[in-house]
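Visitor: I should like to learn how pockets and ligand surroundings are read from a structure. May we work through one example together?

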Amino acid sequence: QAKQQGGAEICFYSKNINSNLQERLELETDLHNALNNNEFQLYYQPKVDLLSKRVVGAEALLRWIHPQKGFISPEQFIPLAEETGLILKIGDWVLNDACHQAALWHRSDMSDIKVSVNVSGQQFKESGYIEHVNRALKRSDLPPSLLMLEMTESLAMDNVETSIELLNGLKQQGVGLSIDDFGTGYSSLSYLKRFPLDELKVDRSFITGIPENEEEAQIVQAIIAMAKALRLSVVIEGVETEAQLNLLQLTQSDLIQGYYFSKPLKADQFEAYARTMNDEVPESVY
Ligand code: C2E
Ligand code: MG
Ligand code: MG
Ligand code: MG
């Protein structure tokens with residue numbers, strides 16, 4: 001009897017594996033068509049200046065609205081896009097769409113809003129990546145200083161010498177460079193110093209426990225101090241509560257990005273949000 005049960009279990013598991021594989025294959029096929037079918041959309045999450053509370057930038061975050069399955073998280077499809085190489089085309093679309101949007105904002109009354117774009121490892125390693133960036137800037141007529149590229153620290157550390165060369169090339173074009181999810185990888189300080197960076201984003205995982213967790217609060221303080229010593233602008237990701245914000249007020253961090261201020265928004269919603277936040281209150285006349 002036990003043997004029979006075992007057999008049934010094995011059968012059950014392998015069916016499961018098959019259906020997972022099936023689902024994956026389906027998703028992969030659908031991902032191939034997603035660009036042509038206009039199923040991607042960029043959302044923009046505000047980056048807010050800690051002192052002035054002004055919206056100074058936006059991170060472009062990719063959304064896939066699948067015709068049957070609905071919303072699929074980037075955590076799910078970006079890895080698939082990377083494995084299949086589709087990320088090159090998708091990434092180029094993201095870059096162009098984000099530059100186009102940033103240029104529209106630049107020509108409107110939101111002329112200083114910087115837009116950040118996430119760069120995947122494959123894009124970064126693709127020969128001619130700098131050309132892709134240049135083309136997107138030219139097409140949209142966006143001043144390079146209004147585009148920021150985010151790469152994770154593990155990506156930058158993967159091949160340090162190549163990264164330095166590439167980052168220097170990008171820096172020469174005038175775009176901003178940012179290290180994403182900082183603290184989750186294994187960067188060494190001496191390398192960070194050699195990268196021509198502008199910004200460091202402290203990973204959300206360091207923020208979740210503060211202010212209650214004193215150890216975590218101290219780690220965040222130490223990361224901020226280190227980033228400041230390297231003359232980097234510091235963004236704290238994943239700030240959700242007022243208590244977290246209050247603790248961060250006491251630090252030298254520069255920008256806050258998190259649900260406390262806003263979730264990622266559609267472009268027009270972002271515009272409305274930035275206008276409200278940045279509208280200077282006229283001095284009252286008595
Ligand atoms: P990321 O670049 O670190 O982006 C920040 C993620 O944290 C976003 O998730 C954002 O919605 C989420 N987040 C922001 N504030 C909070 C908060 O207060 N609480 C919580 N719980 N979450 C917060 P999202 O949009 O799901 O993106 C996940 C990841 O997918 C991104 O992490 C990035 O690595 C990747 N990704 C998104 N769009 C692109 C893209 O266009 N290209 C590439 N290569 N990767 C992308
Ligand atoms: Mg990012
Ligand atoms: Mg991040
Ligand atoms: Mg992340």
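Guide: Let us begin with a pocket that is not the main one. In this predicted model, the second largest pocket has a volume of about 260 Å³.

Visitor: Which elements give two or more residues to the lining of the second largest pocket?

Guide: Strand 2 and helix 11, the latter spanning 267-278, each do so. Helix 11 gives the most, with 3 residues. Among the residues that line this pocket are Arg54, Val55, Asp109, Ser111, Arg275 and Asp279.

Visitor: How does the lining of the second largest pocket divide by class?

Guide: The lining has 5 nonpolar, 2 polar and 5 charged residues.

Visitor: How is empty space found in general?

Guide: A probe the size of a water molecule is rolled over the atoms, and this shows where empty space is left. In the present case, the largest pocket has a volume of about 1100 Å³. Its lining comprises 40 residues, and those closest to its centre are Glu59, Leu61, Pro74, Glu75 and Asn118. By class, the lining of the largest pocket has 17 nonpolar, 12 polar and 11 charged residues.

Visitor: Where does ligand 1 sit?

Guide: Ligand 1 occupies the largest pocket. A shell of 21 residues surrounds ligand 1, and the closest are Arg63, Asn118, Asp180, Glu240 and Tyr259. Asn118 is thus named twice: it is one of the residues closest to the centre of the largest pocket, and one of those closest to ligand 1.

Visitor: Which elements each supply at least two residues of the shell around ligand 1?

Guide: They are strand 2 (55-66), helix 2 (74-84) and strand 6 (176-182). Strand 2 gives the most, with 4 residues. Strand 2 also contributes two or more residues to the lining of the second largest pocket.

Visitor: What is the class make-up of the shell around ligand 1?

Guide: The shell divides into 8 nonpolar, 5 polar and 8 charged residues.

Visitor: How should the polar contacts of ligand 1 be read?

Guide: One looks for pairs of N or O atoms within 3.5 Å. The side chain of Arg63 has an N or O atom 2.8 Å from an oxygen atom of ligand 1. For Asn118, a polar side-chain atom lies 2.9 Å from a ligand oxygen atom. In the case of Glu237, the distance between a side-chain N or O atom and an oxygen atom of ligand 1 is 3.4 Å.

Visitor: How much of the accessible area of ligand 1 does the protein cover?

Guide: On its own, ligand 1 has 800 Å² of accessible area, of which the protein covers 85%.

Definitions and conventions. Residues are numbered from 1 along each chain as its sequence is written. Chains are lettered from A and ligands numbered from 1 in the order in which they are written. This is a predicted model: local features need pLDDT of at least 70, side-chain atom pairs count only at pLDDT 80 or more; totals for chains, interfaces and linings use all residues. Side-chain values use heavy atoms; hydrogens and water are left out. A residue is near a molecule or strand if one of its heavy atoms lies within 4 Å of it. A polar contact is a pair of N or O atoms within 3.5 Å; within protein, one must be able to donate a hydrogen and the other to accept it, and residues adjacent in sequence count only if both atoms are side-chain atoms. Accessible areas come from the Shrake-Rupley method with a 1.4 Å probe; for residues, only the protein chains shown count as cover. On a 1 Å grid over the protein atoms alone, a cavity is a set of points where a 1.4 Å probe fits but cannot get out, and a pocket is an open set with protein on both sides within 12 Å along at least five of seven lines; lining residues have an atom within 4 Å of a point. A molecule sits in a cavity or pocket if more than half of its atoms lie within 2 Å of its grid points. Ala, Val, Leu, Ile, Met, Phe, Trp, Tyr, Cys and Pro count as nonpolar, Asp, Glu, Lys and Arg as charged, and the others, Gly among them, as polar. Grid points are joined across faces, edges and corners, and a volume is the space filled by probe spheres set on the points.
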